[in-house]
Amino acid sequence: MSQEMKIVAFIKAYSAEISVLGECSNYVNRVNETKWEPPDDSIIKINFEASFNQQMKRSVSGIVARNKEGLVMAACTFPWEIVPDPVTAKARACLQALIMAEEVGFRDICVEGDPLSVIRKVNSLEEDRSNISSLIKEINGRSPKFRRLSFRHIPREANRAAHEMAVEGGRHVDPEYWIEEVPQAVERLVNQDRR
């Protein structure tokens, strides 16, 4: 990819994030009051987040799946190489949340994350033409594999456990999976959310 193409891709991603930040300003007053909310019925709520290293062009997805009692059902971290920007990192984390749900066998899920731009694109009926369009298509293409599937935007404060999973993933070279448990730092956040 030429230097000009890289600059254009960066500007597009940066512009998308700026527009999202403007839209998110409505949430600023509520962020401190916001906390993770358990799902209804038999739905499994899957929170995703991504850390992104600009210099290395690397990201790590952090995913935590919890039931209506707030108990961890599954969690994973997944490293990605050659990631051009933070929006792509978040879209890949959303995709990884669905892949994990499929692998574990969850059929009724609600996927939550704080990147408003990704959530809007996944929920839109219009064809996406952004630099993450292939990821959005892949995410939407997996929806028939679930009985119930929804995508929700949540403020960053309500997504602390997934954020900490992404941080934890930075300590590992390979993907890591947990069933009915999480690393200790994440467990503290999960327990706080349950209170």
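# A walk through the chain

Read from start to end, the chain runs α-β-β-β-α-β-α-α-β-α-β-α. That comes to six helices and six strands. Keep in mind as you look around that this is a predicted model. The chain has 195 residues, and 47% of them count as buried. If you take the contacts between residues at least 6 apart in sequence, 72% of them join residues at least 24 apart.

Let's start with helix α5, residues 160-169. How many of its 10 residues are buried? Seven are, so α5 is largely enclosed by the rest of the structure. The buried ones are Ala161, Ala162, Glu164, Met165, Ala166, Glu168 and Gly169. And what covers them? The cover includes the strands β1 (44-53), β2 (58-66), β3 (72-81) and β6 (176-179), along with helix α6.

That last helix deserves a closer look. Helix α6 spans residues 184-194, and its axis comes within 9 Å of the axis of α5. The two axes cross at roughly 180°, and an angle over 145 degrees counts as roughly antiparallel. Therefore α5 and α6 are roughly antiparallel to each other. On the α5 side, the residues that meet α6 are Arg160, Ala161, Glu164 and Met165. Their partners in α6 are Ala185, Val186, Leu189, Val190, Gln192 and Asp193. Sorted by class, this contact has six nonpolar residues, one polar and three charged.

Now over to strand β2, where you will find Arg58. Is Arg58 buried or exposed? Its relative accessibility is 17%, and the limit for buried is under 20%, so Arg58 counts as buried. Setting aside neighbours within four places in sequence, Arg58 is in contact with Ser51, Phe52, Asn53, Pro79, Trp80, Glu81, Val83, His172 and Val173. Take Val83 from that list: Arg58 and Val83 are 25 residues apart in sequence, yet their C-alpha atoms are 5.4 Å apart in space.

Val83 also leads us on to Thr88, since it is one of the residues in contact with Thr88. Thr88 has a place in helix α2, residues 86-104, and is buried, with a relative accessible area of 5%. Again leaving out neighbours within four places in sequence, its other contacts are Asn131, Ile132 and Leu135.

Back to Trp80, which we met as a contact of Arg58. Trp80 is buried too, at 16% relative accessibility. A search of the whole structure turns up one aromatic pair. Phe78 and Trp80 form it: their ring centres are 5.0 Å apart and their planes sit at 50°, so the pair is tilted.

Another ring to look at is that of Trp36. Arg66 lies over its face, 4.0 Å from the ring centre. Lys45 lies over the face of Trp36 as well, at 5.6 Å from the ring centre.

We can finish in two loops. Which residue in the loop between α1 (3-24) and β1 should you look for? Asp41 is found there, and it has a positive phi of about 50° although it is not a glycine. Asp41 counts as exposed, at 54% relative accessibility. The loop between β1 and β2 holds Lys57. Its phi is near 55°, again a positive value in a residue other than glycine. Lys57 is partly exposed, with a relative accessible area of 31%.

Conventions:
Residues are numbered from 1 along each chain as its sequence is written. This is a predicted model: local features need pLDDT of at least 70, side-chain atom pairs count only at pLDDT 80 or more; totals for chains, interfaces and linings use all residues. Side-chain values use heavy atoms; hydrogens and water are left out. Axes are lines fitted to C-alpha atoms, for helices over the stretch in contact, and angles run from 0 to 180 degrees between N-to-C directions. Helices (H or I, at least four residues) and strands (E, at least two) are DSSP runs, numbered from the N terminus. Angles under 35 degrees count as roughly parallel, over 145 as roughly antiparallel, 65 to 115 as roughly perpendicular and the rest as oblique. Contact means heavy atoms within 4.5 Å. Ala, Val, Leu, Ile, Met, Phe, Trp, Tyr, Cys and Pro count as nonpolar, Asp, Glu, Lys and Arg as charged, and the others, Gly among them, as polar. Rings of Phe, Tyr and Trp (its six-membered ring) pair if their centres lie within 6.5 Å; planes under 30 degrees apart count as stacked, over 60 as edge-to-face and the rest as tilted. Buried means under 20% relative accessible area, exposed over 50%, partly exposed in between (1.4 Å probe, protein chains only). A charge sits over a ring if NZ of Lys or CZ of Arg is within 6 Å of the ring centre and within 35 degrees of the ring normal.
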